[in-house]
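This briefing turns to a single protein model and takes up its confidence, its helix packing, its internal spaces and its backbone geometry. The topics are grouped below for reading beside the structure.

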Amino acid sequence: MSILTQSPAWRAREVIETTTNLPQLVVFGEALTDFICEDDQRWRSAAGGSCWNVARVGARLGVPAGFAGTVSQDGFGDELMRLSAQAGLDARFTRQVERPPFLSMVVSRHPPRYCFVGDNSADLAFDANALPSGWLKAAQIVHFGSLSLVRRPLAAHLLEIAQTAHAAGKRISFDPNYRTLMDGPAYRETLRKMAGLASYIKVSDEDLHGLFPEFDETAALDQLREWAPHAALLVTRGAEGMQLHTAREVVFQPAFAARVTDTVGCGDACVGAWMASMLIRPDAPLASHLRFSAACAAVVCAQQGAYAPTLDEVNALLD
């Protein structure tokens, strides 16, 4: 029985409670700590997690945002909470619990190789009933993705929340952010369901190859479009730019010329900026949203690690 089924009061509160001062963008998923192996075989720790990065980017760009997740009560969790507050994320959406931290061991960045430590970690203790009353009524875009949708029992809870948000008429954003943990039939079904719920899907060319190893890139994109016939699909290709595929048109945005220090977090910045742009400037044309997203990614790639830029930094590049 799911966490939401166990407590029907969760849905009832959404109908009657106020939505004052609650976020427009709510991001569900994992926050973790990366341990990155440097060239001298030393390990460097850094707060991260794809979904947390998306939320932090949205908040730093000026969108009222909340990261709906759970972190550990230790130095790792404290750092995630500190950086969340620094970015302006709504603190009511993130809890600290007495569980071990969720860790990502980045064995290699070129090519990327990861292993994850978190059999009973804090992210798995997520409780939807702890969210602020009225959050769903206030939210305009609800984002999901990455490792949280392959980690049990968290994945099942988040899929149910996504279905509830979709039924309530909310726009669903989805970034699969492929990792090898997603190989296998169990995640393939989750991928299909999430694609069917999504209004917006962001995938990289590497994601398409990982998610659909049986297809070439064109066939993989066709499969995703079959599952999500009405979604806007943003395909990113690093230095080769990005393409937004809608039911009526394809819009291309070249990458901005930028000094590349680190590509970690660029994809998260891309989707976070895409959502932020649509919330800040809902009447802007698609090409303008894409340009803003590409500029945000360019600012991030010039920084070390998963950086969350300010609106002024992005606008400076655009200008």
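Two helix axes that cross at an angle under 35 degrees count as roughly parallel, whereas angles of 65 to 115 degrees count as roughly perpendicular. The model discussed here is predicted, and the protein averages a pLDDT of 90, with 91% of the residues scoring at least 70. Over residues 1-18, however, the pLDDT is below 50, although this stretch has 37 contacts in the model beyond near neighbours in sequence.

**Helix packing**

- The axes of helix α3 (residues 50-60) and α4 come within 8 Å and cross at roughly 30°, and α3 and α4 are therefore roughly parallel to each other.
- On the α3 side of this contact stand Trp52, Arg56, Ala59 and Arg60, which meet Leu80, Leu83, Ser84 and Ala87 in α4; by class, the residues of the contact of α3 with α4 divide into 5 nonpolar, 1 polar and 2 charged.
- Helix α11 (residues 286-301) packs against helix α12 (residues 311-318) at an angle of about 110°, with their axes 9 Å apart, which makes α11 roughly perpendicular to α12.
- In that contact, Arg291, Phe292, Ala295, Cys296, Ala298 and Val299 of α11 meet Leu311, Glu313, Val314, Asn315, Leu317 and Leu318 of α12, and the residues involved comprise 9 nonpolar, 1 polar and 2 charged.

**Cavities**

- A search of the whole structure finds 2 cavities of 30 Å³ or more, and the largest cavity holds about 50 Å³ of space.
- Of the 13 residues that line the largest cavity, Ala31, Ser72, Leu80, Pro101 and Phe102 lie nearest its centre, and the elements giving two or more residues to this lining are β2 (32-37), β4 (65-72) and α4 (75-87).
- The lining of the largest cavity is made up of 8 nonpolar residues, 4 polar residues and 1 charged residue.
- Leu80 thus appears in two settings, as one of the residues nearest the centre of the largest cavity and as one of the α4 residues met by α3.
- The second largest cavity, with about 40 Å³ of space, is lined by Gly69, Thr70, Arg92, Phe93, Arg95, Phe126, Asp127, Ala130 and Leu131, a set that divides into 4 nonpolar, 2 polar and 3 charged residues.

**The second largest pocket**

- About 240 Å³ of space lies in the second largest pocket, and among its 14 lining residues the closest to its centre are Leu149, Arg152, Ala155, Ala186 and Thr190.
- Both α6 (154-167) and α7 (185-197) supply at least two residues of the lining of this pocket, with the largest share, 6 residues, coming from α7.
- By class, the lining of the second largest pocket has 8 nonpolar, 2 polar and 4 charged residues.

**Backbone geometry between β8 and α6**

- A cis peptide bond, with omega of about 0°, joins Arg152 and Pro153; Pro153 is placed in the loop between β8 (141-145) and α6, while Arg152 is also among the residues closest to the centre of the second largest pocket.
- Ser146, which lies in the loop between β8 and α6, has a positive phi of about 60° although it is not a glycine.

Definitions and conventions. Residues are numbered from 1 along each chain as its sequence is written. This is a predicted model: local features need pLDDT of at least 70, side-chain atom pairs count only at pLDDT 80 or more; totals for chains, interfaces and linings use all residues. Side-chain values use heavy atoms; hydrogens and water are left out. On a 1 Å grid over the protein atoms alone, a cavity is a set of points where a 1.4 Å probe fits but cannot get out, and a pocket is an open set with protein on both sides within 12 Å along at least five of seven lines; lining residues have an atom within 4 Å of a point. Grid points are joined across faces, edges and corners, and a volume is the space filled by probe spheres set on the points. Helices (H or I, at least four residues) and strands (E, at least two) are DSSP runs, numbered from the N terminus. Ala, Val, Leu, Ile, Met, Phe, Trp, Tyr, Cys and Pro count as nonpolar, Asp, Glu, Lys and Arg as charged, and the others, Gly among them, as polar. Axes are lines fitted to C-alpha atoms, for helices over the stretch in contact, and angles run from 0 to 180 degrees between N-to-C directions. Angles under 35 degrees count as roughly parallel, over 145 as roughly antiparallel, 65 to 115 as roughly perpendicular and the rest as oblique. Contact means heavy atoms within 4.5 Å. pLDDT is the predictor's confidence in each residue, from 0 to 100.
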